[in-house]
Amino acid sequence: MESFLYQATIYLAAAVIAVPLAARLGLGSVLGYLAAGLIIGPVLGLVGAETADLQHVAEFGVVMMLFLIGLELEPRALWDMRDKLLGLGGLQVGVSTLAIMVIAMVAGQPWSVALAVGLTLSLSSTAIVLQTLSEKGLMQTNGGRATFSVLLTQDIAVIPILAFLPLLASAPVAHFAGDGSINRAHQTGSGHEASLSLVEGLPGWAVTLVTIAAVAFVVLAGIYLTRPLFRFIHASRLREMYTALALMIVVGISFLMTLVGLSPALGAFLAGVVLANSEFRHEMESDLEPFKGLLLGLFFITVGAGIDVGFFLADPLDLIGLALLVILFKGVILYIVGRAFKLKGRDRWLFTLGLAQAGEFGFVLLAFSTQQNVIPAHLSQKLLMIIALTMMITPLLFILYELLSRRMRDHVADMVPDTIDEQGPVIIAGIGRFGQIVNRLVTASGFKTIVLDHDMETIQLMRRFGVKGFLGDPTRPELLKAAGLAKAQVLVAALDDDNQVTKLVAYARRQRPDLHIIARARDRNHVYELYRAGADDIVREMFDSSVRAGRYVLENVGLSEYEAAQAAQTFYQHDRKAVRDLAEVWDPNIPTAENTAYVERSQALQKDLETALMELSEELAERRSA
């Protein structure tokens with residue numbers, strides 16, 4: 001017991017110290033976890049042999065992550081991804097395997113060993129990449145979706161790879177019996193482990209039937225059994241039982257998939273997709289999210305702690321060089337594949353740099369290959385180190401992506417913009433969620449608008465609905481001139497990028513001091529920037545909707561609709577005045593909390609607001625009593 005508590009304290013303390021430091025340095029949590037494992041393992045020697053056992057437990061973090069991702073994908077959405085799964089993912093795995101196989105053969109390895117090495121290194125790290133994409137908000141980008149498609153394909157590919165590897169063994173380890181069953185000359189593991197398989201020793205056709213039955217059971221149970229189960233748990237009114245049921249679903253499905261020789265992660269993903277339309281989806285997400293985060297963190301720590309520093313120090317340049325070579329070759333292949341599938345700019349670089357590493361499934365495949373006499377033990381040790389090094393380099397690749405992304409912020413300037421052959425009194429720059437509503441209201445009222453946007457897909461989508469827009473960067477002077485900036489009455493700056501909005505407002509104000517400029521702001525600090533840039537009307541994205549929500553709250557806690565509307569109007573007018581006053585003392589070079597003048601003025605304005613609302617309350621009370 002004391003040993004367990006000691007180890008738990010070490011792992012948790014390492015995570016609590018290293019991860020926040022890495023996050024503050026902009027390195028991301030994954031690199032923090034890996035560094036924590038490296039420090040408490042090889043460097044300080046605080047943890048040892050239990051790391052490998054812990055890694056098996058921590059792998060449930062990957063399983064839970066795929067289950068939660070499945071909950072976000074409806075079956076129809078998965079079907080829509082079929083081209084990327086089969087084309088993008090299949091091409092990446094196939095080409096990467098062949099390229100690495102050729103390199104290994106050139107290095108002197110037999111073709112069977114080279115093929116096993118290629119299959120192992122062709123897979124990327126689902127855990128690191130998906131965690132980083134989620135942290136950085138990149139999952140919904142085109143590059144993020146393409147990356148996810150390839151990772152999902154790789155997870156599925158693990159199944160046939162595990163079935164194929166024994167055929168590459170240097171000794172005859174597998175053959176088909178007369179009844180179609182698979183007999184292995186060298187069984188690994190204990191007899192107890194063999195007894196936990198539902199397909200061991202079965203004929204080939206029976207293995208197929210059992211596997212299909214297991215998958216069908218997962219699908220049917222997700223459709224017909226989960227709702228009665230959750231209703232039964234709900235009747236107990238015990239909050240912890242929801243968590244227990246969510247854990248039971250994930251662990252039970254993983255166990256079932258293991259029994260039939262399938263990937264637990266794949267089974268969990270399938271279950272998540274089936275339950276995506278369930279009314280209990282959000283309940284399961286909230287219950288499992290903390291477990292997923294902790295287990296993934298533990299997994300990364302065990303990867304770092306499992307690195308053999310002695311082996312590494314024996315020939316560090318060779319190992320680092322090989323790790324970089326793997327990243328380079330996979331990166332080139334990914335770049336070409338991404339280009340073939342028309343990924344552009346930042347999306348292509350995210351796809352390339354995000355998947356260039358080897359992954360955690362490589363550890364599983366290497367262990368299995370060594371047991372099956374496919375890959376020699378000494379080569380397996382070297383490959384383990386290479387995989388671990390590529391995983392540790394991955395957060396640095398994402399940092400490189402961010403640097404490239406910032407430099408490519410204005411990559412739309414290289415596109416061929418549309419020829420603008422119309423002009424109108426209102427120019428709307430940006431036709432996203434915000435700009436669409438403005439455009440609909442203005443055009444429905446009978447006024448002509450000129451719509452500009454730099455996103456081709458958005459422009460094409462709007463055209464399908466009868467909204468004419470022009471493709472191009474709205475911050476480019478020649479585009480604004482062609483759109484009629486010199487004669488326009490109103491400019492609406494509704495771009496998604498804060499810096500681009502500010503840049504557009506400042507340029508338009510310099511060119512047209514008399515132009516009325518309405519700008520979209522993300523938050524208060526952006527309001528102050530736009531105020532200084534010269535915007536006339538500044539609309540915060542969430543402000544009006546939040547005030548309306550507050551009005552609904554007041555209506556349901558005792559105020560009448562009129563009283564709530566008056567309170568909301570008072571708050572609205574006061575806040576607009578307060579923002580103008582605070583803009584005068586705001587300084588972009590001083591953190592808001594350290595700007596004494598700003599803080600004092602904000603406190604005074606808050607007291608004014610409280611006074612105004614109190615006076616309104618008294619006035620309304622007098623009217624009610626009169």
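Here is a walk through the structure, from model confidence to salt bridges, surface, core and aromatic rings.

This is a predicted model, so local features are taken only where pLDDT is at least 70 and side-chain atom pairs only at pLDDT 80 or more, while totals for chains, interfaces and linings use all residues. Residues are numbered from 1 along each chain as its sequence is written, and side-chain values use heavy atoms, with hydrogens and water left out.

Let's start with confidence. The average pLDDT (the predictor's confidence in each residue, from 0 to 100) is 80 for the protein chain, and 88% of the residues score at least 70. Helices and strands here are DSSP runs numbered from the N terminus (H or I over at least four residues for a helix, E over at least two for a strand). Among these elements, strand β6 (residues 490-493) has the highest mean pLDDT, 93, and helix α10 (residues 191-195) the lowest, 43. Over residues 184-195 the pLDDT is below 50, and this stretch has 11 contacts in the model beyond near neighbours in sequence; a contact means heavy atoms within 4.5 Å. Residues 410-414 also stay under 50, and there the model has six contacts beyond four places in sequence.

Now for the charged pairs. The structure holds 14 salt bridges, each one a side-chain nitrogen of Lys or Arg within 4 Å of a carboxyl oxygen of Asp or Glu. Take Lys382 and Asp318, whose closest N and O atoms are 3.0 Å apart. Lys382 sits in helix α20 (residues 377-407) and Asp318 in helix α17 (residues 316-340), so this salt bridge ties together parts that are 64 residues apart in sequence. For the surroundings of such residues, buried means under 20% relative accessible area, exposed means over 50%, and partly exposed is in between (1.4 Å probe, protein chains only). Lys382 is partly exposed at 27%, and Asp318 is partly exposed at 28%.

Arg476 and Glu478 make another salt bridge, with their closest N and O atoms 2.4 Å apart. Arg476 is partly exposed, at 23% relative accessibility, and Glu478 is partly exposed too, with a value of 44%.

Next, look at Asp575 and Arg524, which meet in a salt bridge of 2.6 Å, N to O. Asp575 belongs to helix α27 (residues 561-585) and Arg524 to helix α25 (residues 524-533), so the pair ties together parts 51 residues apart in sequence. Asp575 is buried, at 7% relative accessibility, whereas Arg524 is partly exposed at 26%. There is a network to trace as well: salt bridges with shared partners join Asp496, Asp498, Arg520, Arg522 and Glu541.

Over to the surface. Phe217, Leu220, Ile223, Tyr224, Leu225, Leu229 and Met248 form a nonpolar patch with about 710 Å² of accessible area together. Patches are made of residues with over 30% relative accessible area and no salt bridge, where like charges are joined within 9 Å and nonpolar side chains (Val, Leu, Ile, Met, Phe, Trp, Tyr) within 5 Å. The areas come from the Shrake-Rupley method with a 1.4 Å probe, and for residues only the protein chains shown count as cover. Helix α11 (residues 204-224) gives the most to this patch, with four residues. Leu220 is placed in α11 and is partly exposed, at 47% relative accessibility.

Helix α14 (residues 264-274) is a different story: this helix is mostly covered, with eight of its 11 residues buried. Among those buried residues are Leu266, Phe269 and Val273.

That leaves the rings. The structure holds five aromatic pairs. Rings of Phe, Tyr and Trp (its six-membered ring) pair if their centres lie within 6.5 Å, and planes under 30 degrees apart count as stacked, over 60 as edge-to-face and the rest as tilted. Phe543 and Phe571 have ring centres 6.3 Å apart and planes at 25°, so they are stacked. The pair links distant parts of the chain, with Phe543 in helix α26 (residues 543-555) and Phe571 in helix α27, 28 residues apart. Phe543 is buried, at 13%, whereas Phe571 is partly exposed, at 31%. Elsewhere, ring pairs link Tyr528, Trp586 and Tyr598 into a cluster.

One last stop is Glu563, also placed in helix α27. Glu563 is buried at 7% relative accessibility, and, leaving out residues up to four places away in sequence, Glu563 touches Leu620 and Arg624.
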